[in-house]
Amino acid sequence: MSARPAPCARPAVTELRLSAFAGHRSAVHALGPVTLFAGPSGSGKSTTLRAYEALARLGAGEALHEVFPDAADCVPERARPDAQGRRGFRLGCTVDGPEGPVSLDLAVQAEPRLRIVGERLTGRGRTLLATALRDPGRSTVQAEWHTAGATPVTRAPLPDDLLGTALLPLRVAGKTQGQREVLAAAEQVVIGLRSAFACDPRPERMRDPVPPGEGRLRRGCGNLAEVLHRTHTDCPRRHHRLAAVAGAGCAGPVTGLGVQELPEGTVRAVLERGGRPVTPLGRLGDGELRYLALALTLLTGPGVLEMDRIAEVPDAMQGLTLLADGLDRGLDGRQVGELLRLATDIAADGHIRVAGTVGERAAGEARRTPGVTVVDLRG
């Protein structure tokens with residue numbers, strides 16, 4: 001009998017399931033420390049990453065209508081409505097961690113009204129939480145979770161527009177061994193999902209000076225200069241490494257990354273060129289700006305990103321999963337190679353994971369990079 005694999009130190013999403021989601025049917029994708037989805041246009045790369053982000057947002061407590069404002073687009077095209085006119089989609093994931101692999105699966109009704117009609121949380125061969133729609137006229141689902149002890153399960157209604165797993169810490173007392181098992185599994189899933197940060201650098205927003213602030217990088221990276229102003233002071237070692245990475249992916253010599261405070265009270269970032277005049281980041285090409293923003297994300301972590309951190313969870317248990325749709329957009333081959341090598345190097349210590357999409361050319365470079373898993377969605 002083979003030994004059970006050692007559990008992950010930090011909760012992390014290790015499998016994504018798209019049972020019936022947009023153009024995906026019965027798709028199961030294992031996720032490694034650095035996983036890139038590749039395939040031609042229309043193969044579902046962006047949709048796959050969208051499903052991951054949707055689960056992450058639900059895990060953070062967002063309401064279903066906020067996560068899926070266009071839910072009908074997630075229903076498989078060939079899905080036919082039932083006698084009541086209902087259509088929907090299904091997706092799920094597995095989060096590995098100290099409790100071993102824990103699976104979460106959702107059935108979402110998109111029409112005629114958006115709602116979660118079924119949710120199942122399983123771990124160690126046991127169903128820990130199950131919900132089902134019993135009365136279509138109510139805005140609740142009937143939930144039952146593992147209790148053990150004198151009462152095997154506890155039953156109660158839960159709202160049909162929120163992830164039940166994320167609500168369990170507020171509903172389960174943790175008095176019995178069964179309740180503690182449910183709580184531990186639910187918390188592992190929530191921590192693993194909430195570790196995601198979707199980064200979509202927009203060069204057109206990154207060129208102008210910005211007011212200094214708390215220095216937390218936004219999704220579009222428009223406040224890149226503000227964040228560099230913070231890392232220059234608070235994280236000198238990481239800032240120095242970012243400068244070295246900049247030199248590998250930007251044109252011309254780069255000896256450092258500086259930040260200038262301007263008379264009007266704003267800050268702008270510059271590339272230092274040794275004895276030459278500095279180059280404001282606003283003069284860089286789109287690819288160089290995207291490259292710098294993605295590298296900064298990899299070299300910082302949750303404390304420097306505008307993401308939902310879990311205050312009650314120790315930093316040692318929290319990780320970061322960078323979601324990057326179009327990771328290679330605007331980048332040349334040299335920049336892609338440098339970014340992939342940085343990603344695998346950073347991911348090796350278990351703090352940061354990457355899930356992204358790339359085009360055909362970058363996929364070839366990714367396949368040649370040790371430590372990168374490429375999932376081909378060619379069909």
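**A tour by selection**

Start by selecting Arg-138, which is exposed at 54% relative accessibility. The model in your viewer is a predicted one. Now add Asp-135 to the selection: the side chains of Arg-138 and Asp-135 meet in a salt bridge, 3.3 Å from N to O. With a relative accessibility of 35%, Asp-135 counts as partly exposed.

**Stop 1: the β1-β2 hairpin**

Next, select residues 12-21 for strand β1 and residues 24-30 for strand β2; the two run antiparallel and are joined by six bridges. To find your place in the pairing, pick Leu-16 and look across to β2, where His-29 stands opposite. Together the strands form a hairpin with two residues between them.

One residue of that turn is worth a click. Ala-22 sits in the loop between β1 and β2, and its phi is near 55 degrees, a positive value in a residue that is not glycine. Is Ala-22 buried or exposed? Its relative accessibility is 17%, and the limit for buried is under 20%, so Ala-22 counts as buried.

Then move along to Ser-26, which lies in strand β2. Here again you can check the backbone: Ser-26 has a positive phi of about 55 degrees, although it is not a glycine. Ser-26 is exposed, however, with a relative accessible area of 65%.

While you have the hairpin on screen, show the side chains of Glu-15 and Arg-17. They meet in a salt bridge, with 2.7 Å from N to O. Glu-15 is partly exposed, at a relative accessible area of 25%, whereas Arg-17 counts as buried at 12%.

**Stop 2: a cis peptide**

Select Glu-111 and Pro-112 and show the backbone between them. What kind of peptide bond joins Glu-111 and Pro-112? The bond is cis, with omega at about 0 degrees. Pro-112 is found in the loop between β5 and β6.

**Stop 3: helix α3 and what covers it**

Now select residues 164-171, which make up helix α3, and colour Gly-164, Thr-165, Leu-167 and Leu-168: these four are buried. Looking down the axis, you will find them on the same side of α3, because they cover an arc of only 150 degrees around it.

Which elements cover these buried residues? Among them are the strands β5 (102-111), β6 (115-123), β7 (126-132), β8 (140-146) and β9 (153-159), and the helix α4 (177-194). Showing these elements together with α3 lets you see the cover in place.

**Stop 4: a salt bridge between distant parts of the chain**

For the next stop, select Arg-329 and Asp-200, whose side chains meet in a salt bridge of 3.4 Å from N to O. This pair links distant parts of the chain, 129 residues apart: Arg-329 is in the loop between β14 (320-324) and α8 (333-347), and Asp-200 is in the loop between β10 (196-198) and α5 (224-234). Compare how the two partners are placed: Arg-329 is partly exposed, with a relative accessible area of 41%, while Asp-200 counts as buried at 16%.

**Stop 5: a salt-bridge network**

Finish by selecting Glu-338, Arg-341, Glu-365 and Arg-368 with their side chains shown. Salt bridges link these residues in a network. If you would like to keep exploring, the count for the model comes to 22 salt bridges, and the one between Arg-138 and Asp-135, where you began, is one of the pairs to revisit.

Note on methods: Residues numbered from 1 in each chain as written. Predicted model: local features only at pLDDT ≥ 70, side-chain atom pairs only at ≥ 80, totals over all residues. Heavy atoms only, no water. Buried < 20%, exposed > 50% of the residue type's maximum accessible area, 1.4 Å probe, protein only. Arc of directions from axis to C-beta. Contact = heavy atoms within 4.5 Å. Pairing = 2+ DSSP bridges. Salt bridge = Lys/Arg side-chain N within 4 Å of Asp/Glu carboxyl O.
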